[in-house]
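Me: I should like to learn how to read a structure of this kind, feature by feature. Could you guide me through it?

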2 protein chains.
Amino acid sequence: MDIANALIEALLQRGVRRVYGVPGDYVLGLFDRFEQSPIEMICTAGEEGAGFAADAHARLHGLGVAVVTYGVGALKLLNPVAGAYAERSPVLVISGAPGVRESDGHALLHHSIRASDTQQRFFNEVCAETARLDSGRTAASEIIKVLAAMERESRPGYLELPRDCLTRPLPWPLPPVANAAPAPEPAPLHLQRGEELLSWLRSRQRPVVLAGIELHRFGLQADLLQLLEREGWPFATSLSAKSLLNERHPLCLGLYEGAAGPEKVREQVEGSDGLLILGMPLQDLDTGIFTMHLEAEHVVRVEMAEGLRWSQGDLDSLDPVALLQVWKEAPSASAGSRALAARAQSGPAPFEPLPGVAITVRRLINALNQRINADTVVVADPGDALFAAADLRLPEASDFLACGYWASLGFAIPASIGAWGGSSNPKVKPLVLLGDGSFLMSANELATLARYHIPALVVVLDNGGYGTERPMLDGPFNDVQPVDHIALAYAYGFKAAQRVQFEEDLALALTTMLANEDGPTLISVELKQGDVSDVLRNLTAALAKRIQPEAKS
Amino acid sequence: MDIANALIEALLQRGVRRVYGVPGDYVLGLFDRFEQSPIEMICTAGEEGAGFAADAHARLHGLGVAVVTYGVGALKLLNPVAGAYAERSPVLVISGAPGVRESDGHALLHHSIRASDTQQRFFNEVCAETARLDSGRTAASEIIKVLAAMERESRPGYLELPRDCLTRPLPWPLPPVANAAPAPEPAPLHLQRGEELLSWLRSRQRPVVLAGIELHRFGLQADLLQLLEREGWPFATSLSAKSLLNERHPLCLGLYEGAAGPEKVREQVEGSDGLLILGMPLQDLDTGIFTMHLEAEHVVRVEMAEGLRWSQGDLDSLDPVALLQVWKEAPSASAGSRALAARAQSGPAPFEPLPGVAITVRRLINALNQRINADTVVVADPGDALFAAADLRLPEASDFLACGYWASLGFAIPASIGAWGGSSNPKVKPLVLLGDGSFLMSANELATLARYHIPALVVVLDNGGYGTERPMLDGPFNDVQPVDHIALAYAYGFKAAQRVQFEEDLALALTTMLANEDGPTLISVELKQGDVSDVLRNLTAALAKRIQPEAKS
């Protein structure tokens, strides 16, 4: 057992079957080891693509891995890994590095940044834990330390492996790391506070649970749903936590986005006299740029990052994991358990294409709504692709992946690689939504979709530039070079791609593309400049004011 | 005068006429200001592209500027900026940031990394100086401080501008920053040591100057050439400093690359009894992976980073700037000034295409050698494109840009944007050389070449994968998805592109493409797998040994 084996063995024990990366001379030996292992190496076009793929994989599977070379490879991961840190996605970065013996004597080696620890210090800022594997004696414990911290915090980790250390022997066999320790008994203090909170919510007339992204990251969805059904509490989710729970469930109110979202959801959330904001850090893009109107005495916030704040006193030791653990074991309400709300959830409205009518964002979403099924994973790029996707109504088993806080353009195409790679469903079909600006940033990863025959459908919302920015402040800088998306897809190896402008063409293209079994397909949708989603229209005033506060006030 | 005006004014005073960037909501107001200024904003496909473009611009012009949004924009610049730090290119990063008033109360704002200063601390590691422009009172001095440090060290700088601070007024007019202070008189200690060194070199039988990249970055080429001609000393350069001086000059020995380069140059450099290694940090890729054989008593090293080391004692206070200043003013040798070496430099051998013969790397370089003229700027991507380019013979006014130490694949296409944007020659014609792996990483910036009608010729050396890595350790990870380069170029807006396999097709394509006046063109050259440059062939053994030291020993 040497360091490279130990690392691969640890990943196998954690159920990792695919990793993402780009080779380079400092990591070539490790690529060769992966090649000889049961783990499949998915080689992306660039390192940023590997990072976003690993992020999506991590969100679905609980651990995603990007393998890159030193310096020029690892630094390109800082953007996706910072996003994974912010959005609590456990991405493991494995970076090759100059050999320990090469670095002796302070030789100037290519790809070296500044000091020998500069790269690791960068990753310290955006990781739960980092380590350098240069000793057989400590490698196993370092690997376990990093993986454990990643699991505990649901955040990225970093391992640096000098290229001459792969074969350093380990003095003892690698301890198993697969089984996480069982959850500890709730502390008496947690127990008391959790019960207090339960009584309070049960005593409310109009309780609502607003459930956020942390519940997804810590795998609490099933516990939450069971509880909501037991108590009969309606729930809403945020944009970045979309599809956390079945959006067609009778208790589902929909997506809450402050003033930017549907008025009906807003009334029910803001009108609640017992609102539990659970695992949802209140960030700008989830709250319609802070346009929520809540009354402190009606609200309790429970989250990982900041503990619990409550008008009746701060209970800062409670977090969503502990809260749900206490509640799960609490007895059902002695009398008068609330009946399930009778709100019948209709399925998505049927899409009847109107001949000769140009497609709008709203109608595109209508059309897609009909085609989504349990095999679909929606992957939405930031900008209006994401805002528009808010109106998709996802069934139970369908996942939704978005970069809803970090908001890095170019996320969706590479993330769809990881959505395929990390899904436990062999029939998974990623549905990628992105704008033409994002497409220009990330089109090279179409090559990866083609190379591995990934059955993604890529839908480009082409409004001729950065459509999210135009309503804020427009200028030639919001234009992008017009690109032939169809020719591009074919050049990268796609077998089917189509440009559509009218509703009947869209309907036909969706049927054709979704029936395609032979790798990825693409539809480029021609939209009018200025045609935006309802959410973006509602946000525009708030967004523009932040760009030019002096000019407007 | 407000902060945005002051910033633009400072750039104008420094002669900046083009900047590179990608908009985003935290920087949109500043883009609008640039739009209203005499400075042209070149909008690239992605932020990494803006970074490499600014790097190339900086190498030609002395200052290059990349303007990006916070977080998702700025972090994508860390790779190119780390390269600019390592290779001493003065790239100024201007990053938008959340408004000061928005950040009050620690609101969670999209694109935020961790702490509010995390991004600036990242850039502290790879910049000569950084500053945050959030006060009208200090903005002017902060801008000057950063620009001055960049000029002094020839390294990147960073300015962070919160989006609500653009209009903060400055209490005094911006002091002029255009004229750098005149060089100070050499310190007496420098004077003495410089003269000592001059006498020593004059006393040698076979003096040689090995001139490196720092001479380019500190603009010392003219001084150096004058001195070499006065003393009659022959010179060689390194790969990363290629074309520092006219490669067709009678005193030019060629490119020295240790055991990887031409034997004749090696003999002359290593056989010298007075070798001055000037402004050339001894890094692996410039030295044939440290395969130079030098005798300490015959060698003097003078460089910015590490001072001077000499067998007769360390003169650590001397650097190339000070040395050339002393030597410039030194009297000519009293007697027997060495006659100019009579080495007649032949021009490049004519390229006569052989019909039906498949193109090789060596013949491709032959063919290109004939087409290079004073308007050419060669931009070579790392890997075999760079190693092969070592054999180009550049005339006096021709520039050569490469990422010769940082070695980030994907450098060349975006760098050609900056080579065009930063050149003082309106007829400049970038010649881009890159492999198909690099092409896959950076093809999106073809859109930028097309958008701004940049007359670059992009030559793809297509050997079906990462050809530099195959000789080290091969596997499926060195394959890349086969891509139709020609269709891709057209899809991005090129008007001319051609695939060639045989010599006569190449000759014809070069004639057609170089005659094209209407924007960029592309030639994709089909090469056999395993056909590599002489340099790479010579390096292979040394490189492979570092990948698998145990396996081979």
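Reply: Let us begin with the definition on which the comparison of chains rests: copies are superposed by least squares on the C-alpha atoms of residues with pLDDT of at least 70 in both. Please keep in mind that this is a predicted model.

Me: Which residue of chain B comes closest to the rotation axis?

Reply: That residue is Leu488(B), whose C-alpha lies 2.8 Å from the axis. The axis itself comes from laying chain B on chain A, which takes a turn of 180° and a shift of 0.0 Å along the axis, with an RMSD of 0.0 Å. This is the relation of a two-fold axis.

Me: How many residues does each chain bring to the contact?

Reply: Chain B gives 77 residues and chain A gives 76. On the side of chain B that touches chain A, helix H2 (residues 28–36) of chain B supplies the largest share, five residues. By character, that side of chain B holds 44 nonpolar, 18 polar and 15 charged residues. Of the interface residues of chain B, 99% are also interface residues in chain A, so the copies meet through the same surface.

Me: How should I describe the fold of a single chain?

Reply: One may start with its elements and its overall dimensions. Chain A has 21 helices and 18 strands. Its radius of gyration is 24 Å, close to the 24 Å that the globule rule gives for 553 residues, so chain A is as compact as a globular protein of that length. The C-alpha trace of chain A spans about 70 × 65 × 50 Å along its principal axes. Among contacts in chain A between residues at least 6 apart in sequence, 76% join residues at least 24 apart.

Me: Which domains does the assignment give for chain A?

Reply: The assignment gives domain 1 (3–162), domain 2 (188–329) and domain 3 (361–542). The centres of domain 1 and domain 2 of chain A, taken over C-alpha atoms, are 35 Å apart.

Me: What share of the residues of chain A count as buried?

Reply: Of its 553 residues, 57% count as buried. In the largest nonpolar core, which has 366 residues, Leu210(A) and Leu210(B) touch the most other members. Leaving aside residues up to four places away in sequence, Leu210(A) touches several residues, including Ala236(A), Tyr256(A), Val269(A) and Met280(A).

Me: What should I look for in the backbone angle phi?

Reply: Most residues other than glycine have a negative phi. Two histidines here may be examined against that background. His453(A) has a positive phi of about 50° although it is not a glycine, and His111(B) has a positive phi near 70°.

Me: Where is each of these histidines found?

Reply: His453(A) is in the loop between helix H17 (446–451) and strand S16 (457–462) of chain A. His111(B) is in the loop between H5 and H6 of chain B.

Me: Is His111(B) buried or exposed?

Reply: The test counts other C-beta atoms within 10 Å, and 20 or more make a residue buried. His111(B) has 28 of them and is therefore buried. His453(A) has 13 and is partly exposed.

Me: Where does Ser116(B) lie?

Reply: Ser116(B) lies in the loop between helix H5 (100–103) and helix H6 (118–125) of chain B. With 15 C-beta neighbours inside 10 Å, Ser116(B) counts as partly exposed. The C-alpha atoms of Ser116(B) and Trp420(B) are separated by 36 Å, and these residues are 304 apart along the chain.

How values were computed
Residues numbered from 1 in each chain as written. Chains lettered and ligands numbered in written order. Predicted model: local features only at pLDDT ≥ 70, side-chain atom pairs only at ≥ 80, totals over all residues. Contact = placed C-beta atoms within 7 Å. Helix = DSSP H or I, 4+ residues; strand = E, 2+ residues; numbered from the N terminus. Buried ≥ 20, exposed ≤ 12 C-beta atoms within 10 Å, placed from the backbone. Rg over C-alpha atoms; globule rule 2.2 N^0.38 Å. Core = buried A, V, L, I, M, F, W, Y, C linked by C-beta atoms within 7 Å. Nonpolar A, V, L, I, M, F, W, Y, C, P; charged D, E, K, R; others polar. Domains from an automatic or database assignment.
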